[in-house]
Amino acid sequence: MPSVMVRRNDEGKLLFYIAKKDLEEVITAVEHDTTDAWGGTVTLGDGETFYIDPISPPPAFPTTLRFRRVE
Amino acid sequence: MAAMTREETQNLIQEVLAVYPEKAKKDRAKHLMVNDQSLDVAKKCITSNRKSLPGVMTIRGCAYAGSRGVCWGPIKDMIHISHGPVGCGMYSTMGRRHYANGTTGVDIFTTINVTTDFQEKDIVFGGDKKLKASFDELEKLFPLAKGYTVQSECPVGLIGDDIESVSKVKTAEIGKTIVPVRCEGFRGVSQSLGHHIANDSIRDWVLPTRVGKDDGFTTTPYDVNILADYNIGGDIWPSRMLLEEIGLRVIAQIPGDGTLMEMEKSIHAKLNLLHCYRSMNYISRHMEETFGMPWMEYNLFGPTKIEQSLRAIAERFDDKIKDGVEAVLAKYKPQWQAVVDKYRPRLEGKKVMLYVGGLRPRHIIGAYEDLGMEVVGTGYEFAHNDDYDRTIKEMGGATLIYDDVTAYELDAFVKKIKPDLIGSGIKEKYQFQKMGFPFRQMHSWDYSGPYHGYDGFAIFARDMDMTLNNPCWKEIKAPWLRPSPAETQAA
């Protein structure tokens, strides 16, 4: 369950950053990304996927959330 | 020598690796790459931030060096206590040229070495008592110090002293900020973790002190912080002058020539300007999350990059700053043009190899290019993947990139590539000078500097010219080994 900081980059895309893993990747797809909820399965630029229970209402970025690695 | 092709560079890497045993070869191969600008992510081609290979020479530092020396060292009105045996404390201060304005013992303490000098009995019975006593002593000796940091050395972590509790007790007693930093040298693979730990200690022990309190600080819409400029040779001063000239108000310099008060008030800024991404991105990320303060990287080495950076900074503000930037660019154009006109003919086409840490392997490339020089190889001591992502775009195609390069590898690369100038640290300096290569220390600017901003660029150009075109390089070969005039004529 890595603790992940999600923030927007200059182009407005979401970045997925795990300090301990030294991993910073663009989020390419989010399962739920509506006005009421944000979360579900999150796919990163390098193909890795992580899961978080949908958060309602959507969080304000940047924020630190706990994700689960999807095998 | 002419620029190498991809294949040649690849062969060079293989050739250099050939001397290693199989296992070491496999490991080291992952840390060397031929640059390919089409790549977006470096991690498939280069591995970084891994433990150095036992048995080879590396020039990395330790977590203590990263925290005590790099991140906390330049904070000038605090006393940084090296908690542990005397050795680390001795080597920690002012080996690094982070300049500070002020009077030693009154408002600056950066020139003072303080260590608790652990002895055998402290290892056996614990060093907390000694730490407490040292605070009392320091309060008597330097009552004007604004705060203390406790920088733990290896043994403190090994015996498990509770420096946090001592700090809390003493903070309550003397009413000054005391920051315990758990930066024992054995942590992590390089000084990089020390930067992270230092950033975390700023986050936990310094920034919260004023959150939610009205400290009567008047803010303006143009408040910025300069983060991670360490004022090496006075670097932060020309940077700050430029930023102020375009109309911004710099409210905190962290840590170069900075104070504890500035760090505390930095939470009021509108934008964090991050110079060394590697060492202080952690705190900028934290401040973005907690205080909603955006951050951006900038680069003030060489006129091209200054122009790009100032314009990018202005994008974040209104027209006042944008006009300010244009005015500043126009004002300094004749100044840097004169520098380029003078030195470019003398330096044009020369090849440079760099091996430094932090931000310099990519940030100074622009300054060299402004002088018509080409960087043919670059590498970091302690970078992570994201640094290489940023480097790939800066470097030319088919150039060499090396991570945590060993003394042997760097030697071998230099012998093959034969650059006209090498930029690295003190440990490489004399070795390469004896081999007949012009060399500049790019950690400490070789006792020169500043190199930031337009003023710094003039000094940078002069220094490079002074080193490269020094007549001594012609005298490297012993007179009896030189070809005689007759031979030269025949050839």
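This is a short tour of a predicted model with two chains to select, A and B.

**Stop 1: chain A**

Select chain A and colour it by secondary structure. You should find 7 strands and 0 helices. Following the chain from the N terminus, the elements read β-β-β-β-β-β-β. The radius of gyration of chain A is 11 Å, close to the 11 Å that the globule rule gives for 71 residues, so chain A is as compact as a globular protein of that length. If you draw a box along the principal axes, the C-alpha atoms fill roughly 30 × 30 × 20 Å.

Now turn on the surface of chain A. About 4,000 Å² is accessible, and carbon and sulfur atoms account for 49% of that area. Of the 71 residues, 41% are buried. Colour by charge next: there are 8 positive and 12 negative side chains, with the centres of the two sets 6 Å apart.

**Stop 2: chain B as a whole**

Move on to chain B and show it as a cartoon. How many helices and strands does chain B have? The count is 21 helices and 14 strands. With a radius of gyration of 24 Å, close to the 23 Å that the globule rule gives for 491 residues, chain B is as compact as a globular protein of that length. Its C-alpha trace spans about 85 × 60 × 45 Å along the principal axes.

Buried residues make up 56% of chain B. Among its contacts with a separation of 6 or more, 71% join residues 24 or more positions apart. On the outside, chain B exposes about 20,200 Å², and 56% of this comes from carbon and sulfur atoms. Its charged side chains number 62 positive and 65 negative, and the centres of those two sets lie 3 Å apart.

**Stop 3: inside chain B**

Hide the surface and select Trp72(B), Leu310(B), Tyr368(B) and Met442(B). These residues have the most contacts inside the largest nonpolar core, which has 85 residues. Next, highlight residues 319–347 of chain B: this is helix H14, which gives the most to this core, with 10 residues.

Zoom in on Trp72(B). Which residues does Trp72(B) contact, leaving aside neighbours within four places in sequence? Among them are Met78(B), His80(B), Gln151(B), Val179(B), Ile202(B) and Met263(B).

For the last selection, pick Tyr355(B), Val376(B), Val405(B) and Val414(B). They are included in a second, separate core of 26 residues.

Terms used
Residues numbered from 1 in each chain as written. Chains lettered and ligands numbered in written order. Predicted model: local features only at pLDDT ≥ 70, side-chain atom pairs only at ≥ 80, totals over all residues. Heavy atoms only, no water. Core = buried A, V, L, I, M, F, W, Y, C linked by side-chain atoms within 4.5 Å. Buried < 20%, exposed > 50% of the residue type's maximum accessible area, 1.4 Å probe, protein only. Helix = DSSP H or I, 4+ residues; strand = E, 2+ residues; numbered from the N terminus. Contact = heavy atoms within 4.5 Å. Rg over C-alpha atoms; globule rule 2.2 N^0.38 Å. Areas by Shrake-Rupley, 256 points an atom, 1.4 Å probe, with all protein chains shown as cover. Lys, Arg positive; Asp, Glu negative; His and termini not counted. Charge placed at Lys NZ, Arg CZ, Asp CG, Glu CD.
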